[in-house]
Amino acid sequence: MNAVPIFTQDTIVFGLLMLMLGFVFYTSTSDNKFWKKFYKYIPALLMAYMMPAALTTFGLIAPEWETKEATGEIVKHKSQVYYIASRYMLPAALVLMTISIDLKAVFNLGWKALAMFGTGTLGIIIGGPIAVYLIALVSPETVGGAGADAVWRGLATLAGSWIGGGANQAAMLEIYEYNTANYAGMVIVDIVVANIWMAILLLGIGKQKKIDKWLKADTSAIETLKEKVSSYAASISRNPTLADFMVILGVAFTVVGISHFGANEISEFLKTNVEAVSDKKSAWSSFGSQFFWMISIATILGIILSFTRLKKYEGAGASKIGSVFIYILVASIGMKMDLTKIVDNPGLIVVGLVWMAIHVGLLFLIAKLIKAPYFFLAVGSKANIGGAASAPVVAAAFHPSLATVGVLLAVFGYVVGTYGAMLTAELMRIVAPIT
């Protein structure tokens, strides 16, 4: 049973997260020599991610926990901070970061962005069976099992999550009928391994220039996009008024409302009228995900608004407000990371780490061969592992104008997620030992 944290009230938890973010931004902009040297090596975004993780690890807060009632009934509790951040603030951030986008410049980024996304997907597909095969040589019982308890069935849900997202993960659980009693172990592997890689990626952003130099990458298209957006923002920059902030927030959260309404309607319509979408065992079931449609609608509307006069609100700080929402999302993602979970099932954690290492190794190999920038590597990976909740976060860490790239690639992940996971599962079935 998950221990009850010291602070269970979401208002207090949110206050602690904001305290962490305030501390990070205060120190990262300080003239103090210690902090200047500290943030030279540790990016502020990584701190915003790891400090909430430390609070969770030490039991001050928790994403979820259980209590035992006097009747003996086990009651599950779940913090709503991440839900609010991902369902309200993320789509709002996407709108505000997309409203000033230069769509032509985004397309001019070229084929390497898609190539790195495809490489990330391929790394998951081949990494799963290779990891199972390697671990089976040393500890066959770790990746063995038969029937509904076969570990490869559980790892199939991991493949769904790492290529697409939560909807694809749920689809794989239905398709391969893994024993739900053991499912929690797979969720832990997903959270621990994916978050370790997230932390490493964020650390790499601080060393972006060195990595790009090693990759011999051509970053001209990315720099052109950043320069265009920055120049446009500078040309229309003004001292924002209260009216500006109210209009910016009004536009953002109106789109959030429309996105939720549209997502609910589209999802319900498809589930009701399209049998393949309503069938949880179908590869098309991920199109019934409300989150998928919410992110898609918010991004599309943000792009449409970038062709209107509302684009000028970038001069009043639209993308900066969007960045605030992104950092809150980062902190809420960080609180899902409990470092003590690493020792709960070390065998499966090792499988996950080997799997992730193959994914990462392939990404760096291809990036080196095609001279792709670290930005494409990072976002291509997170568009798979983390999906629409993480890809724009990583993209925006390079520059707010790049958040849209992360979303567009993440949408591809949802589309191919179930198919890629099914291929991964079948390959793991072939190499997995029966114990």
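## Serine 79 and its surroundings

Let's start with serine 79, which is buried, with a relative accessible area of 7%. The structure here is a predicted model, so please read each value as computed from that model. Serine 79 sits in the loop that joins strand 2 (74-78) to helix 4 (81-98).

Who are its neighbours in space? Setting aside residues up to four places away in sequence, serine 79 touches Asp10, Ala62, Pro63, Trp65 and Met335. Glycine 123, on the other hand, is 44 residues further along or back in the chain, and its C-alpha atom is separated from that of serine 79 by 33 Å.

## A buried glutamate without a partner

Glutamate 314 deserves a visit of its own. You will find it in the loop between helix 14 (290-305) and helix 15 (318-334). Which side chain of opposite charge is nearest to this buried glutamate? That is lysine 320, 5.5 Å away. A salt bridge needs a side-chain nitrogen within 4 Å of a carboxyl oxygen, and glutamate 314 has no salt bridge although it is buried.

Apart from its neighbours within four places in sequence, glutamate 314 is in contact with Leu96, Ser100, Ala233, Ile236 and Ser319.

## Serine 319, on the other side of that contact

Serine 319 belongs to helix 15 and counts as buried, at 8% relative accessibility. Its contacts, not counting residues up to four places away in sequence, are Leu96, Met97, Glu314 and Pro400. Leu96 therefore appears in the contacts of glutamate 314 and also in those of serine 319, under a rule of heavy atoms within 4.5 Å.

Serine 319 also shows how the chain brings distant stretches of sequence together: leucine 94 is 225 residues away in sequence, yet the two C-alpha atoms are 8.9 Å apart in space.

## The salt bridges

Side chains of opposite charge can pair when their charged atoms come close. How many salt bridges does the model hold? The count comes to 2.

One of them joins the side chains of arginine 238 and aspartate 244, with 2.9 Å from N to O. The two partners are covered to different degrees: arginine 238 is partly exposed, with a relative accessible area of 34%, whereas aspartate 244 is buried at 8%.

The other links glutamate 426 to arginine 429, whose closest N and O atoms are 3.0 Å apart. Both residues lie in helix 19 (residues 403-431), 3 residues apart, which is about one turn of the helix. Glutamate 426 is partly exposed, with a relative accessible area of 32%, and arginine 429 is partly exposed too, at 38%.

## Patches on the surface

Now to the outside of the protein. Lys37, Lys40, Lys207 and Lys210 form a positive surface patch. Lysine 207, one of these residues, lies in the loop between helix 9 (183-205) and helix 10 (208-215). Why can lysine 207 be part of a surface patch? Patch residues need over 30% relative accessible area and no salt bridge, and lysine 207 is partly exposed with 36%.

A nonpolar patch is also present on the surface, made of Leu122, Ile126, Ile130, Tyr133, Leu134, Leu137 and Val138, with about 660 Å² of accessible area together. Among them, leucine 134 is placed in helix 6 (residues 112-138) and is partly exposed, with a relative accessible area of 39%.

Isoleucine 196 is found in helix 9. Its relative accessible area is 27%, so it counts as partly exposed. The C-alpha atom of isoleucine 196 is separated by 17 Å from that of isoleucine 163, with their positions 33 residues apart along the chain.

## Two lysines with positive phi

Most residues other than glycine have a negative phi. Which way does lysine 216 go, positive or negative? Its phi is positive, about 55°, although it is not a glycine. Lysine 216 lies in the loop between helix 10 and helix 11 (220-235) and counts as exposed, at 58% relative accessibility.

Lysine 371 also has a positive phi, near 60°. This lysine is in the loop between helix 16 (346-370) and helix 17 (374-384), and at 41% relative accessibility it counts as partly exposed.

Notes
Residues numbered from 1 in each chain as written. Predicted model: local features only at pLDDT ≥ 70, side-chain atom pairs only at ≥ 80, totals over all residues. Heavy atoms only, no water. Patch = residues over 30% accessible without salt bridge, like charges linked within 9 Å, V, L, I, M, F, W, Y side chains within 5 Å. Areas by Shrake-Rupley, 256 points an atom, 1.4 Å probe, with all protein chains shown as cover. Lys, Arg positive; Asp, Glu negative; His and termini not counted. Charge placed at Lys NZ, Arg CZ, Asp CG, Glu CD. Helix = DSSP H or I, 4+ residues; strand = E, 2+ residues; numbered from the N terminus. Buried < 20%, exposed > 50% of the residue type's maximum accessible area, 1.4 Å probe, protein only.
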